[in-house]
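The following exercises train the reading of a protein model, one residue or helix pair at a time. Please attempt each task before reading its solution.

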Amino acid sequence: SFIARRNGESVIISTLPPVAAEMGAMQDAAGRAGGNFYFDRADLVSRDITLREGNPLVVKAYLSLSAREAFLEFDLLQVQIFLISIVAIVAILLIGRVGAQRLSTPLRQLAKKAARIAEGDFKQEIQESKSIAEIGELSRAFVSMQQGLAEREEKILYQSSHDVMTGLYNRQFAITRLDQLLADTENSAGFLAVVINVRQFKLINESFGHQIGDLCLMEVAHRLWRHYPDTIAARIAGDEFFLVIPKTGGANELLLQLENHLSGECQIDSLQISLRFSFGVADSSRDGDSASQLLERASIAQDRARREQDAFVFYDHRIEEEHKKRILLLNDLKGALSGESEQLHVYFQPKVGFADTREYRFEALLRWIHPEQGFVSPEYFIPLAEQAGLITRITDWVIEQVVLHLADWKSRGLTASVAINLSAKDLARPGILDLITLLLEQHGLPAAALSFEITESDIMSDAEAAIALLHRFRGQGFDVAIDDFGTGYSSLSQLKHMPVSELKIDKAFVLNLDSSTDDQIIVRSTLLLARQFNLKVVAEGVENQQSLSLLQQWGCHWIQGFYLSKPLPARDILEWMASKPASLANAG
């Protein structure tokens, strides 16, 4: 196309149709006609060539080409690329979906299994993924976790239902099993619920050590499992076991058989330890409707058997009434010790010597006057206090009261020495000596104002610690006597090691001294033994002149008993000291 322009007028000569020529001439070589997109492209693609450029005539030539024909192959290529892209995207999406399914399906399965594991199902099978290495590793980790959790849960469940040391059931699980047994309607014959106590197990521990004691308990458990494998056997306390015996015969025969199975020597290394037992028995047919009730009543019967050294005690409602009475009495004793009421009193029983002396000596005895039950014997409530852990409070109370009375007597011009009984629990607390010393200093009393009596069995409960503490007592100037001498089991072997100044012959050997030849031999031998160890001797339980004369003849130093004086309340002691001599040598 040729276009000439002069003064705003144009002349077009072209091989194209007029309209096309004019449109092609209007296209700029760099304009829309050069677009690359199908919808953004003119019909013609043109390029101009200036043939003459001057004023006023401008002549240009335009070369034009059909854009459709020029871009035909390019458009086809774009369409192909577009289609290939669509296909590629679809393929990628399909491949991604398949891959996601291969990845997510085992993950979802693992998630479901994890939820079941969280609910406590550790027995499900977890398949390892073989297609994806990472999922396979995760599956193996889940398998390992499941096994570990299963083992730990099994261990926890075992520990929650069994005694770790013996392998028997524990108390709570035994109650659960017993409730299930009671609910079983087919169990029409009934059974015996037996609480078993190992007698003097504390002595085994203290004599041979806790390791030997534990081995003894394990031996008892082994015997229970061996002879009663298909019933309920449990360890319910330190030295107490529980056993359910089906009533396949007479109760006495079953219990004698149980005793034969459990009793006997326990061989541990070179030691042979004799095991003896006390049994408390409750019958399911008459003694309770629940496991807790049966176990409680069997325990009450066992407590009675242990205290009275009986082999077997069957539950009886009177035993439970006595048990409740003991509990109420303990509560009342706690109240009495707290000072809520003046129920407790210290009585003083004189000790009279044969030698010429001006020293008054007494033994402090605790008396309990209950507001409802009246006089309660120390032989009854002292063992109760020891079992309940109140004995140290009683000792502290007695020591304080005695010191107060001694200070009062001193202010009245009378000097005396009072003996106080100490228990094994008292010997186990070294601070008691500091308490006593402080009380004496506060009231201006010398160490000679107090002396102490300890039974040999209490000393032997922990001989090493007790002897060490008694050395401290002696070092502070206190006299120490072995009470109830001759009734223990180690007097002769331990006497040379005991830092004591006196022996006190038990009243069991003195009450019938005037008529019993055997008692006379024992008392004379004790006096001879004491003389060899340079110890003073006190004989308690003197009831008549004949016994007093024999003791004086054999060289006894002090006597104590109802023949001379019964225990007196503190208010009567001053009168007694004013009317009685301190020794028999001054009686005339």
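**Exercise 1.** Is Gln309 buried, partly exposed or exposed, and what is its relative accessible area?

*Solution.* The model is predicted: local features need pLDDT of at least 70, side-chain atom pairs count only at pLDDT 80 or more, and totals for chains, interfaces and linings use all residues. Residues are numbered from 1 along each chain as its sequence is written, and side-chain values use heavy atoms, with hydrogens and water left out.

Step 1. Recall the classes: buried means under 20% relative accessible area, exposed over 50%, and partly exposed in between, with a 1.4 Å probe and protein chains only.
Step 2. Gln309 has a relative accessible area of 47%, and therefore is partly exposed.
Step 3. Locate the residue: Gln309 is in the loop between α9 (291–307) and β11 (312–314). Helices (H or I, at least four residues) and strands (E, at least two) are DSSP runs, numbered from the N terminus.
Step 4. Consider the backbone: Gln309 is not a glycine, yet its phi is positive, at about 55°.

**Exercise 2.** Determine the place, the exposure and the phi angle of Gln200.

*Solution.* Step 1. Gln200 belongs to the loop between β5 (191–198) and α6 (201–208).
Step 2. Its relative accessibility is 54%, so Gln200 counts as exposed.
Step 3. The phi of Gln200 is near 55°, a positive value in a residue other than glycine.

**Exercise 3.** Describe the surroundings of His370.

*Solution.* Step 1. His370 lies in strand β13 (residues 360–370).
Step 2. Because its relative accessible area is 5%, His370 is buried.
Step 3. Look for polar contacts, that is, pairs of N or O atoms within 3.5 Å; within protein, one atom must be able to donate a hydrogen and the other to accept it, and residues adjacent in sequence count only if both atoms are side-chain atoms. The side chains of His370 and Asp332 are joined by such a contact of 2.8 Å. A polar atom of the His370 side chain also lies 3.1 Å from the backbone nitrogen of Gln373.
Step 4. List the contacts (heavy atoms within 4.5 Å). Apart from neighbours within four places in sequence, His370 is in contact with Leu329, Asp332, Gln343 and Val376.

**Exercise 4.** Carry out a similar analysis for Thr231.

*Solution.* Step 1. Thr231 is placed in the loop between α7 (210–227) and β6 (233–237).
Step 2. With 13% relative accessibility, Thr231 counts as buried.
Step 3. A polar atom of the Thr231 side chain lies 2.4 Å from the backbone oxygen of Val244.
Step 4. Residues up to four places away in sequence being left out, Thr231 touches Leu243, Val244, Ile245 and Pro246.

**Exercise 5.** Which residues of α12 and α14 meet, and at roughly what angle do the helix axes cross?

*Solution.* Step 1. In α12, Thr395, Asp396, Ile399, Glu400 and Val403 meet Ile432, Leu435, Ile436, Leu439 and Leu440 of α14.
Step 2. By class, this contact of α12 with α14 has 7 nonpolar, 1 polar and 2 charged residues. Ala, Val, Leu, Ile, Met, Phe, Trp, Tyr, Cys and Pro count as nonpolar, Asp, Glu, Lys and Arg as charged, and the others, Gly among them, as polar.
Step 3. The axes of α12 (residues 391–411) and α14 (residues 431–442) come within 10 Å and cross at roughly 20°. This makes α12 roughly parallel to α14. Axes are lines fitted to C-alpha atoms, for helices over the stretch in contact, and angles run from 0 to 180 degrees between N-to-C directions. Angles under 35 degrees count as roughly parallel, over 145 as roughly antiparallel, 65 to 115 as roughly perpendicular and the rest as oblique.
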